[in-house]
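Got your viewer open and a selection box ready? Load the model below and let's walk through a few strands together.

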Amino acid sequence: MADNELVAFRKRWKEELELKKEHQQLVCVPPLSRDVTAQSAQKESKNRYFVDSEQHSSKALSPLRPEESEKGRVGEVEQSEDQPEYVSIARGLLNGRTSPLLDRIQEEKTRRKRQYNSINTACNTILQQDYPLKKVTKNEKLVDQFIQDLNEVNDIPFFDIELPYELALKIFQYLTCAELGRCAQVSQAWRVLAEDDGLWFKMCTREGYHQNASMSDSPCWKSTLRDCRFSAKAVRTNWKSRVGSISQLQFELGKVLCDVSTCDKFVLAGYTSGDVRLWDTLHWDSTASYLKTNGLSGNSDPRPFVTHVQVNNTVAAAAYEDGCVDLWSTETGGEPIQHYQSPGAIQVMALSPDSPVLGSVTGPNIRLDHANDQGYWRTLHQAQLPKNVEGLVLVPGRGSEHPLAALRAGESVYLLDPREEKPWTIHSVYGHPVTCLDTSDCHVAFGVKRAGWAMHDGGNKIHVCSLETGKPVVCVGGSPGDFTCINLKDAPPHLLVCGNKDRRVRVFDLRTASSVASLYAHHLGVTAVQADDWKIVSGGGEGLVCVWELRMRAKLWEMHNRHPVRHVRFNTSTLVTANIPDDKSPRGACITDDDLTAHRRHRGVICHYDFSEDASSQDHVLAICRSDYIESHGYNYNIGLVVPYDRLAGSHPSH
C-alpha cells in the first residue's frame, strides 16, 4: 500500500469525525451563537465533503447499502475504540477498491446530500423561531413550509389540543349522521365528540322522532335514532305493500254516521241518534269512549242529529241540528265542560289544531270561543259578514289569546282577527265564487270558480295569499272543473295538493307555480285529499280510497266502500278514512229494526289502518276468529274472504 494513500485516508477520516462533532454541537449551541456557528459549520462541511468525495470517491467510501449506511457509520466509530487502527484501515481500503461499488457510491453521495439539506432546513427553522421579526421575502416559502408541516404531522391537533370541547360540539351539530360516522373514524378524540349523546338527541328530534322527549328519556340516543329509522323504513314498506291491520270503528245498530274528525290518536264521530263517540286508537279500552250530551239535547225526543264534530289533542266538540254545541275534555270525557245555544243551526264549525279555540257559524254570524289559563271557556269575539259563511278554518300556531280565522262567503275570502273590529277582505271578484279553503301557519289557499269569458283565461284557479300582508303570493291551476278540496296545512313545504270535480288529484309547487303531479283518480270527483313527502291519499264520491306514490305518480293500492269518502287523515303509521252517507234517513228500510243487512248498507263506516303491525306474525288472528257469537252487534256475518293479494287483516270486533 502506498504511503500517500494511507496519509490521505487518515486525514479524511479525522476530518469526518470532526465534522460529525461539529454537527452535534450545532444542535446544542446556545441561542445567541447559533446563527454564526450554524452558517460557518454548514459552509465548511459542505466544501470539505464535496471536495473530498470527488477526489477520493473510488478509494475510501464505505460499501454499505443506503439503508445500512447510518448504522455502519456509527459502528465504525464504536469499533475504532476497540479494534486496532490497521484493521479498520485495511477493511476500508479493501472494500473501496472493488469496482462494483460505483452505484453504491453514487447512492451514498445522494443520501449525504439529502441529509445535508434536512440539517440545513432544521437550522433555518430554529433560527426563524429565535428571530420572529425576520422578514419573509416570498410567499412561496410559507406555502412550502406549510406543506412540509402537514407532511410531518402524525396527529390531529385541532380538537385534541387547541379547540375546546364545547366549541367542537357546536361545529359537529351541523353534520349529518353519515358525516358523524366518518368523523368517528379519524381519532379517539373525534370519536368521543361524534358519539356525544346531545348531538344524537338533537338529530333525533330534528328528524321528527320523540319531539316531546328529554335527554334523560333514553340511555343512548344514537341507538334510539337507529331504531326509529329502521321502524320508519319498515312502515313505509308496509304502506307500499299494503301490509298491516284494518279496524272498522262500527257503532251500534240503528245509527247512521253524520260526521267524523281525527287528530293524532283520537277519532271522533257523531250519529243521527245524537250520540257522540270518541276512540283512542292507542288505548282501545279507554273509558272515555262514550261522551254524554247536555241535558237539553239528551232529554228531547227524538234527539237531534249531530251535524258537525271536531277534535284536537285536548278538546272534542259537537254541534247538533237544534243549534246546541257541546265541548268535552279528551282526557276525562263524560259530561261536557262547556255548552252554549246558538240562535240557529250550526252551518260550519272549526277547532284549532293546537289550541283550545272553537269557531262556529250560524248564517252570516261568526263566534269564537276559547279557554283561558284556568280552563274556563268564554266568548272571545263575535262578527257578522254581509253573506252567509260557507267555510271556516282556524290558522294553526296562533295560540288561544290571538287566534286568526279564514272565512269564505260567496265570492269573497275574509280574515277575522279578534283584535280588530271587522273582518278584512283579501279576495273578492264578482261572479267567481270561492269553492274550497285551507290555511297553513303563514298562507291561505282557496279555489276560485270561473265561468263564461273567464274560462278562456285558463279555467278555475287556486290563489295563495299571505296571512301577514293579505296580498297574493302565487296563482296555480287552470282546470275546467271546480276545485273541491285543498290541503295546504298538512302538505310538504312549498307544495299544495288539491282535488277537483274533473276526477283528478293535482300537486303544485308554490315556488315555481308549476304542476308536480296530475293523477286521474275518481270518476265521481275528488272529495278528500292529503299528501306528504312521498305519498298521496285521496277519496272520491264513489267511495274509493286511493294511495299514490308521488315520485312515480303511480297508484299503490285502493280500497272501496259504499258511501262517499268525506274524511281522510293519516300520519306516519296510521290512516283513518270515513265513508259518510249523504242520505241520513234512507227510504225503503228501517235501520232501527234488527236488520243487519240494511244497517250495513246505510250506516257508513270508519276505517282505521295500522301499518306498524305485521299481519304475517303468528300472534295476528283474523277478527272473524275472535268474534263473540253472543254479541250480535259485534259479530259481522259479512266475512269478506281475503284474496291472495289482499294482506290486510280484519276488524276489531269490540269496535
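How many residues lie between S10 and S11 in the hairpin they form? Select both strands and the stretch linking them: the hairpin has 5 residues between S10 and S11. Keep in mind as you click around that this is a predicted model.

**Stop 1: S10 and S11**

S10 covers residues 348-351, and it pairs with S11 in the antiparallel sense over 4 bridges. To see one of those pairings, pick alanine 350 and look across to its bridge partner in S11, glycine 359.

Now colour S11 (residues 357-362) by accessibility. Since 6 of its 6 residues are buried, S11 is largely enclosed by the rest of the structure. In a regular strand, side chains alternate between the two faces of the sheet. Here, Val357, Gly359 and Val361 point one way from S11, while Leu358, Ser360 and Thr362 point the other way. Both sets are buried.

**Stop 2: on to S12**

Extend the selection to S12, residues 365-371, which runs antiparallel to S11 and is joined to it by 6 bridges. Click valine 361 and you'll find isoleucine 366 of S12 standing opposite. The hairpin of S11 and S12 has 2 residues between the strands, and glycine 363 there takes a positive phi near 65 degrees.

**Stop 3: S15 and S16**

Jump along the chain to S15 (residues 405-409), which 5 bridges join to S16 in an antiparallel arrangement. Alanine 405 is the one to pick here, with leucine 416 in S16 opposite. What sign does phi take at glycine 410, in the hairpin of S15 and S16? Positive, near 65 degrees, in a hairpin with 2 residues between the strands.

S16 itself, residues 412-416, is mostly covered, with 5 of its 5 residues buried. Show side chains: Ser412, Tyr414 and Leu416 go one way from S16, and Val413 and Leu415 go the other.

**Stop 4: across to S17**

On S16, select Tyr414 again and find its bridge partner in S17, threonine 425. S17 spans residues 424-428 and pairs with S16 in the antiparallel sense over 4 bridges.

**Zoom out**

Finally, show the whole chain. Its secondary structure comes to 15 helices and 32 strands, and 45% of the 655 residues count as buried. Try a surface view too: the chain exposes about 35,900 Å², with carbon and sulfur atoms supplying 52% of that. For a contact map, take contacts between residues at least 6 apart in sequence: 49% of them join residues at least 24 apart.

How values were computed:
Residues are numbered from 1 along each chain as its sequence is written. This is a predicted model: local features need pLDDT of at least 70, side-chain atom pairs count only at pLDDT 80 or more; totals for chains, interfaces and linings use all residues. Side-chain values use heavy atoms; hydrogens and water are left out. Buried means under 20% relative accessible area, exposed over 50%, partly exposed in between (1.4 Å probe, protein chains only). Contact means heavy atoms within 4.5 Å. Accessible areas come from the Shrake-Rupley method with a 1.4 Å probe; for residues, only the protein chains shown count as cover. Two strands pair if DSSP finds at least two bridges between them.
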